[in-house]
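Hi everyone, thanks for making time today. Have a look at the structure as it comes up, and I'll walk you through a few parts of it.

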Amino acid sequence: MRTEYDINNLNPRKNPYAKLMKKQVTINLDESIIAYFKEKAESTGIPYQTLINLYLKDCVQHNRNLEISWN
């Protein structure tokens, strides 16, 4: 193996998976929401944050409309 490489001769290309990467955000959720997804995470073996992401992704894919009621 060489001790030094000439990186100028490499073929730089963009990461084709960069668009699929996740972005970290801060979001305020009710304790009951977190508890619900943590409970589901224990029964499925999937991390709760991943479950929340999957649920939101499903909402986007199926173009679900929100039903909001202020109780």
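Right after α2 comes Asn63, and its phi is positive, near 50 degrees. Please keep in mind that this is a predicted model. A similar note applies to Gly45, just after α1, where phi is positive at about 80 degrees.

Now let's go to α2 itself, residues 48-61. What span should its 14 residues have at 1.5 Å a residue? The expected value is 20 Å, and the end C-alpha atoms of α2 are 20 Å apart, so the two agree. We can run that check on α1 (31-44) as well. Its 14 residues should span 20 Å at 1.5 Å a residue, and with its end C-alpha atoms 20 Å apart, α1 agrees with that too.

Which residues of α2 are buried? They are Leu51, Ile52 and Cys59. These three cover an arc of only 100 degrees around the axis, so they sit on the same side of α2. Here is the background for anyone new to helices: an α-helix has 3.6 residues a turn, so residues three or four places apart point the same way. And what do the buried residues of α2 pack against? Their partner is α1. On the face turned away from that buried side, α2 carries the exposed residues Gln49, Val60 and Gln61.

Next, charges. Side chains of opposite charge can pair when their charged atoms come close. How many salt bridges does a search of the whole structure find? The search finds one. It joins the side chains of Asp58 and Arg64, at 2.7 Å from N to O. Arg64 lies in the segment after α2. Leaving out residues up to four places away in sequence, Arg64 touches Asp58 and also Cys59, which you'll remember as one of the buried residues of α2. Are the two bridge partners themselves buried or exposed? Asp58 has a relative accessible area of 23%, so it counts as partly exposed. Arg64, at 47%, is therefore partly exposed as well.

Last stop, the surface. Val25, Ile27, Leu29 and Ile33 make up a nonpolar patch there, and together they have about 360 Å² of accessible area. One member, Leu29, is found in the segment before α1. Its relative accessibility is 33%, so Leu29 counts as partly exposed.

That's my tour, and I'm happy to go back to any part of it.

Terms used: Residues are numbered from 1 along each chain as its sequence is written. This is a predicted model: local features need pLDDT of at least 70, side-chain atom pairs count only at pLDDT 80 or more; totals for chains, interfaces and linings use all residues. Side-chain values use heavy atoms; hydrogens and water are left out. Patches are made of residues with over 30% relative accessible area and no salt bridge: like charges are joined within 9 Å, nonpolar side chains (Val, Leu, Ile, Met, Phe, Trp, Tyr) within 5 Å. Accessible areas come from the Shrake-Rupley method with a 1.4 Å probe; for residues, only the protein chains shown count as cover. A salt bridge is a side-chain nitrogen of Lys or Arg within 4 Å of a carboxyl oxygen of Asp or Glu. Helices (H or I, at least four residues) and strands (E, at least two) are DSSP runs, numbered from the N terminus. Buried means under 20% relative accessible area, exposed over 50%, partly exposed in between (1.4 Å probe, protein chains only). The expected span of a helix is 1.5 Å times one less than its number of residues. The arc is that of the directions from the helix axis to the C-beta atoms. Contact means heavy atoms within 4.5 Å.
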